Structure formats: structure tokens, C-alpha cells
Amino acid sequence: MTKTKLFSAMVVAGACAFGTQAAFAYGAGDFFARAGVAKTDVDTGYADSDTGAYLGLGYMFHDKLGVELSSMTETKIHAEGGTFKQVPVNLMAQYYPLGGMDSRVQPYAGVGVNYTTFSSESGVGSVDDSWGATGELGVDLNVTQNFGFNAFAQYTDVSADISGGRDIDLDPVTVGAGAMLRF
């Protein structure tokens with residue numbers, strides 16, 4: 001191989017490598033979706049430790065700041081001699097300290113609001129829906145420009161207000177992992 005061909009091949013390979021690395025940067029205007037499996041554990045001992053599907057959709061409005069709307073499948077709760085199910089919906093503001101940088105690893109922290117609906121009440125009367133605060137820590141591991149893996153841990157302040165004035169603090173901790181797409 002001649003020096004010219006070798007040099008040309010090195011320039012093309014370097015440009016491809018640089019272009020690929022630049023694509024890992026999170027930036028304003030990126031949309032993302034996360035899907036996977038999450039396990040919820042209620043620290044009061046009232047719930048089944050359920051594992052279910054997790055789905056989140058988000059938008060980066062700044063290189064380091066984004067919002068995400070997420071939910072998980074329902075969790076069955078045993079309390080006060082009966083059962084009911086809960087489905088959480090979270091709206092999070094997220095901070096990405098490495099956003100805008102060419103990094104395969106993108107950690108993030110989020111805070112937001114949680115709305116939990118309760119259904120399928122059996123033996124407990126009615127349960128009012130709950131509003132509360134939520135926080136999370138997570139990390140995205142980018143494999144390609146548009147695909148990666150995700151892991152997170154989340155704490156949510158949830159209180160079940162059962163008819164008759166009884167309140168049960170559920171305060172679930174959710175840990176999950178899955179895949180992430182950026183587009």
C-alpha cells in the first residue's frame with residue numbers, strides 16, 4: 001500500500017471516529033424514549049414487590065436540562081384487610097452534568113411530581129388518587145448514536161388515602177434498567 005493510500009485511509013478512519021464520538025453528545029432538541037423492566041418495593045411492607053414494564057418519553061430543551069414523562073405497570077397493594085392497585089405517572093425535570101460533551105456515559109439526576117392512580121379496590125373501600133414529590137438518579141450508556149442502555153433508581157412520596165380517614169404511606173423505591181433511544 002502506498003503512503004498516499006495509507007494516509008487517506010487514516011484520515012477517513014479518524015473522521016469517522018471523530019464524527020461517531022460527536023454523535024454521543026446530548027444536545028438541545030433531542031427527543032428520547034426509555035423502556036425496560038422496573039422493580040418497585042414499598043418500604044412499609046404493604047405491597048407485593050412487583051416487577052413490571054417501564055416507559056419514559058423525554059425532550060432535551062438544553063444540553064444539560066430535559067424533561068421526562070414516565071410510568072410503570074401497576075403494583076398490587078395489601079392493606080387494611082383488602083387490596084388495591086396503584087399506577088404511578090411521573091413528570092421529571094432532569095439535569096445531565098455531562099450534557100453537550102462527547103461521552104458514552106451520561107449520568108443524570110431528576111426531581112419532579114408524581115400522580116398515582118388507585119384502582120381495583122377490594123375490601124378497603126375507595127382510595128383517593130395521590131400527588132407527591134419524586135426524585136431519581138440514573139445513567140445512560142450510549143452504544144451508538146441513537147441507541148443505548150439505561151439504569152435508574154427512583155424514590156416517590158405516595159400516600160394512599162383510604163375512605164374512613166386512614167392514610168398509608170407507601171413511599172415506593174423503584175429500580176429499573178432497559179434500553180434508550182434518541183431521535
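Which residue stands opposite Gly-135 in strand 9? Tyr-155 does. That pair is a handy way into this structure, which is a predicted model, so let's start with the strands around it.

**Strand 9 and its partners**

Strand 8 (residues 130-142) and strand 9 run antiparallel and are joined by nine bridges. Together they form a hairpin, with four residues between them. Strand 9 also pairs with strand 12 (residues 172-182), again in the antiparallel sense and over nine bridges. In that pairing, Phe-152 sits opposite Gly-176 of strand 12.

Now look at the two faces of strand 9, which covers residues 147-156. Gly-148, Asn-150, Phe-152, Gln-154 and Thr-156 make up the covered face. Phe-147, Phe-149, Ala-151, Ala-153 and Tyr-155 make up the uncovered one. So Tyr-155, the residue we began with, belongs to the uncovered face.

**A small open sheet**

Elsewhere you can find an open sheet of three strands in the order 7-10-11, with antiparallel pairing. Strand 7 (127-128) and strand 11 (166-169) stand at its edges, and because each has a single partner strand, one side of each is left without a neighbour in the sheet. Strand 7 pairs with strand 10 over two bridges, and Asp-128 stands opposite Asp-161 in strand 10.

Here are some of the pairings side by side:

| Strands | Sense | Bridges |
|---|---|---|
| Strand 8 and strand 9 | antiparallel | nine |
| Strand 9 and strand 12 | antiparallel | nine |
| Strand 7 and strand 10 | antiparallel | two |

**What is packed inside**

In soluble globular proteins, nonpolar side chains tend to be buried together. Here the largest nonpolar core has 12 residues, among them Val-42, Ile-77, Phe-84, Phe-118, Val-127 and Ile-168. Strand 4 (75-79) and strand 10 (159-162) each supply at least two residues of this core. A second, separate core holds 10 residues, including Met-72, Tyr-96, Tyr-108 and Phe-152. You have already met Phe-152 on the covered face of strand 9.

Val-127 is a good core residue to click on. Leaving aside residues up to four places away in sequence, Val-127 touches Phe-84, Phe-118, Glu-121, Ala-160, Asp-161 and Ile-162.

**A serine in a loop**

Is Ser-103 buried or exposed? The residue lies in the loop between strand 5 (82-95) and strand 6 (105-122). Its relative accessibility is 16%, so Ser-103 counts as buried, because the cut-off for buried is under 20%. A polar atom of the Ser-103 side chain lies 2.7 Å from the backbone oxygen of Val-105.

**Zooming out**

The protein has one helix and 12 strands. Reading along the sequence, you meet the helix and then the strands: α-β-β-β-β-β-β-β-β-β-β-β-β. Buried residues make up 38% of the 183 residues. Of the contacts between residues at least 6 apart in sequence, 61% join residues at least 24 apart. The protein exposes about 9,200 Å², and carbon and sulfur atoms supply 66% of that.

**How far to trust it**

Mean pLDDT is 83, and 83% of the residues reach 70 or more. Two stretches deserve more caution. Over residues 4-11, pLDDT stays under 50, and the model has one contact there beyond four places in sequence. Over residues 13-22, pLDDT also stays under 50, with three such contacts.

Key. Residues are numbered from 1 along each chain as its sequence is written. This is a predicted model: local features need pLDDT of at least 70, side-chain atom pairs count only at pLDDT 80 or more; totals for chains, interfaces and linings use all residues. Side-chain values use heavy atoms; hydrogens and water are left out. pLDDT is the predictor's confidence in each residue, from 0 to 100. Contact means heavy atoms within 4.5 Å. A nonpolar core is a set of buried Ala, Val, Leu, Ile, Met, Phe, Trp, Tyr and Cys residues joined through side-chain atoms within 4.5 Å. Buried means under 20% relative accessible area, exposed over 50%, partly exposed in between (1.4 Å probe, protein chains only). A polar contact is a pair of N or O atoms within 3.5 Å; within protein, one must be able to donate a hydrogen and the other to accept it, and residues adjacent in sequence count only if both atoms are side-chain atoms. Two strands pair if DSSP finds at least two bridges between them. Accessible areas come from the Shrake-Rupley method with a 1.4 Å probe; for residues, only the protein chains shown count as cover.
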